[in-house]
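This note is addressed to a colleague who is new to the structure. The points below are numbered and may be read with the model open.

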Amino acid sequence: MTGARLSGSTLPSLPRHVSVPGYDRRKVTPGIVHLGVGAFHRAHQAAYVDACLASGGMDWGIVGVSLRSPDTRDGLTPQDGLYTLAIRDSAGEKLEVVGSILSLLVAPEDPGAVLDALADPRIRIVTLTITEKAYLRAADGSLDQSHPDIAHDLANPGSPRTAHGFLAEALARLRTADTPPFTILCCDNLPANGATLHRLLIEFAALRDAKLAGDAALADHIAEDVAFPSSMVDRIVPATTDADRTRVASALGMADAWPVMTEPFRQWVIEDNFPAGRPAWEEFGVTMVEDVRPFEDMKLRLLNGAHSGIAYLGLLSGHATVDQAFGDPAIRQFVDRLWAEAIPTLPQGAGLDPIPYTAELAQRFSNTALAHRTAQIANDGSQKLPQRIVASALARLEVELLPEYLSLVIAAWIAACEARGKTLPEGHFTDPLDAALAEVFGRSLPTAEMAAAVFDLAGFAKGHLKRETLIEFVATHLVHLRQGGPALAFAGLGIGS
Ligand code: CS2
């Protein structure tokens with residue numbers, strides 16, 4: 001290796017098998033601000049936008065914002081925002097350099113610069129992948145008004161920390177300047193993600209209105225004039241390792257500080273509601289729909305639900321990656337039965353067929369080239385399980401069907417949380433509720449009471465008539481998991497016999 005590094009000036013020296021942006025990046029202008037410019041965004045939205053730029057939609061470049069860490073900016077700015085997407089499966093690795101990210105900002109370092117970028121009249125869409133927990137929902141789903149960052153942003157509107165604070169302040173500035181608002185396109189794995197963010201932002205703006213005399217009715221403006229299309233996003237993106245960096249550098253003949261690993265599959269389904277304009281998404285493989293719900297439920301309950309099951313049961317069975325866990329015959333059988341439980345809970349009549357969908361998922365989960373770590377998926381279970389697992393379990397109980405396999409995922413989450421620092425390394429994965437969970441685990445409660453306390457903390461099934469029944473299922477599995485690990489829990493379900 002020569003010491004060269006990927007950048008605008010070294011692009012021409014890349015080997016021919018590496019595809020590069022087929023457009024003049026100097027002519028691209030920003031049209032999108034993205035909040036949460038991590039690996040998922042770079043494998044998904046940024047790749048779709050790259051195709052848009054290549055076909056001449058040159059006013060849709062991306063300004064990437066990190067809400068927390070400077071790492072992505074530090075890696076990518078010396079590379080002029082360029083990075084390699086490594087698309088991997090058993091057939092090998094395809095390398096594509098993506099050019100759609102024009103610049104990168106780090107919110108905690110310079111919140112003013114982020115507000116300036118958001119309030120730039122050229123920005124017509126703000127996309128978000130900030131992860132479930134950054135929506136700051138309380139256990140009942142409303143805005144967590146007690147969160148210190150919310151209090152901070154209400155007290156300091158010109159230097160916010162949260163997505164809510166940035167969006168509200170930018171929308172207020174645009175409104176004062178009589179500039180039409182941008183459309184907000186949520187790309188996180190939340191149910192009705194656009195509507196959910198809309199509701200949270202109205203709540204935040206109402207608190208802000210109450211505090212800032214004179215800033216009349218930003219909440220009404222957001223309620224009435226700002227579009228929040230929901231979207232379903234899908235692409236599996238394992239965290240990049242040093243081995244990935246070394247392999248990609250040797251294929252490129254130059255260093256790339258932060259290449260992104262992904263699979264060939266990708267999907268984006270978006271509700272078509274973009275009053276401020278949008279790229280011709282449908283020309284780049286995006287499905288535009290009126291109602292994203294059926295796609296979203298299918299993805300959250302079948303892909304993400306199975307992922308969480310594979311992660312926690314995989315971790316408890318000693319499997320480090322999804323393909324290893326999915327290759328374990330007991331876990332594989334479990335996932336098939338989990339799917340069979342979740343499928344009847346999906347909306348009917350939407351023309352989506354879950355059977356080929358799960359067959360394709362089985363192939364994707366078997367992709368040995370991804371090494372997608374179970375610990376990565378295990379993070380933030382308290383934020384993920386409600387829409388992936390709890391919703392389907394309750395839907396079954398409502399019509400007198402059992403949630404035997406779904407409830408095992410909840411029990412496995414609790415058991416895996418408890419196992420950290422014992423059979424799993426301390427900090428192997430994390431959850432925003434970790435401190436509160438540790439306190440509950442330390443109380444040595446009888447199993448059912450402990451499960452109930454965890455449900456309360458996480459807001460699972462809050463106020464639902466079938467809450468107690470679901471807790472009983474979870475407690476039974478938890479007893480098995482504690483006594484004999486996944487093998488005993490599976491045996492209780494007739495798996496592996
Ligand atoms: C995964 C998702 O980490 C997780 O929780 O289930 O990130 C999953 O890989 C994506 O949603 C796939 O689109």
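1. A polar contact is a pair of N or O atoms within 3.5 Å; within protein, one must be able to donate a hydrogen and the other to accept it, and residues adjacent in sequence count only if both atoms are side-chain atoms. One such contact joins the side chain of aspartate 234 to the side chain of arginine 364, at 2.9 Å. Aspartate 234 belongs to strand S8. With a relative accessible area of 2%, aspartate 234 is buried (buried means under 20% relative accessible area, exposed over 50%, partly exposed in between, with a 1.4 Å probe and protein chains only).

2. On the basis of the note: the model is predicted, so local features need pLDDT of at least 70 and side-chain atom pairs count only at pLDDT 80 or more, while totals for chains, interfaces and linings use all residues. Residues are numbered from 1 along each chain as its sequence is written, and side-chain values use heavy atoms, with hydrogens and water left out. Helices (H or I, at least four residues) and strands (E, at least two) are DSSP runs, numbered from the N terminus.

3. Which residues lie around the ligand? The shell consists of Asn189, Val233, Asp234, Arg235, Ile236, Lys299, Asn304, His307, His372, Ile377, Lys384 and Arg388; a residue is near a molecule if one of its heavy atoms lies within 4 Å of it. By class, three of these residues are nonpolar, four polar and five charged. In this scheme Ala, Val, Leu, Ile, Met, Phe, Trp, Tyr, Cys and Pro count as nonpolar, Asp, Glu, Lys and Arg as charged, and the others, Gly among them, as polar.

4. Oxygen atoms of the ligand have several polar partners in the protein. A backbone N or O atom of arginine 235 lies 3.0 Å from a ligand oxygen. In asparagine 304, a side-chain N or O atom is 3.0 Å from an oxygen of the ligand. For lysine 384, the distance from a polar side-chain atom to a ligand oxygen is 2.8 Å. The ligand has 340 Å² of accessible area on its own, and the protein covers 89% of it (areas come from the Shrake-Rupley method with a 1.4 Å probe; for residues, only the protein chains shown count as cover).

5. Strand S8 (231-234), helix H10 (293-316) and helix H15 (381-398) are the elements that give two or more residues to the shell around the ligand. The largest share, three residues, comes from H10. Domain 1 (11-289) and domain 2 (293-492) each supply at least three residues of the shell; the domain bounds come from an automatic or database domain assignment.

6. The strands S1, S6 and S7 deserve a look together. Strand S6 (residues 125-128) pairs with S7 in the parallel sense over four bridges, and strand S1 (residues 30-35) also pairs with S6 in the parallel sense over four bridges; two strands pair if DSSP finds at least two bridges between them. Between S6 and S7, threonine 127 stands opposite leucine 185 and leucine 128 opposite cysteine 186. On the S1 side, valine 33 stands opposite valine 126 in S6.

7. In a regular strand the side chains alternate between the two faces of the sheet. In S6, Ile125 and Thr127 lie on one side and Val126 and Leu128 on the other, and all are buried. In S7 (residues 183-186), Thr183 and Leu185 point one way, Ile184 and Cys186 the other, and all are buried.

8. Most residues other than glycine have a negative phi. Alanine 371, although not a glycine, has a positive phi of about 45°. Alanine 371 sits in the loop between helix H13 (354-365) and H14 and is partly exposed, at 41% relative accessible area. Glutamate 400 is not a glycine either, and its phi is positive at about 60°. Its location is the loop between H15 and helix H16 (404-419), and glutamate 400 counts as exposed because its relative accessibility is 62%.

9. Is glutamate 418 buried or exposed? Glutamate 418, in helix H16, is buried, with a relative accessible area of 16%. Its C-alpha lies 9.8 Å from that of glycine 442, and the two residues are 24 apart in sequence. Glutamine 376, in helix H14 (residues 374-378), is partly exposed at 28% relative accessibility.
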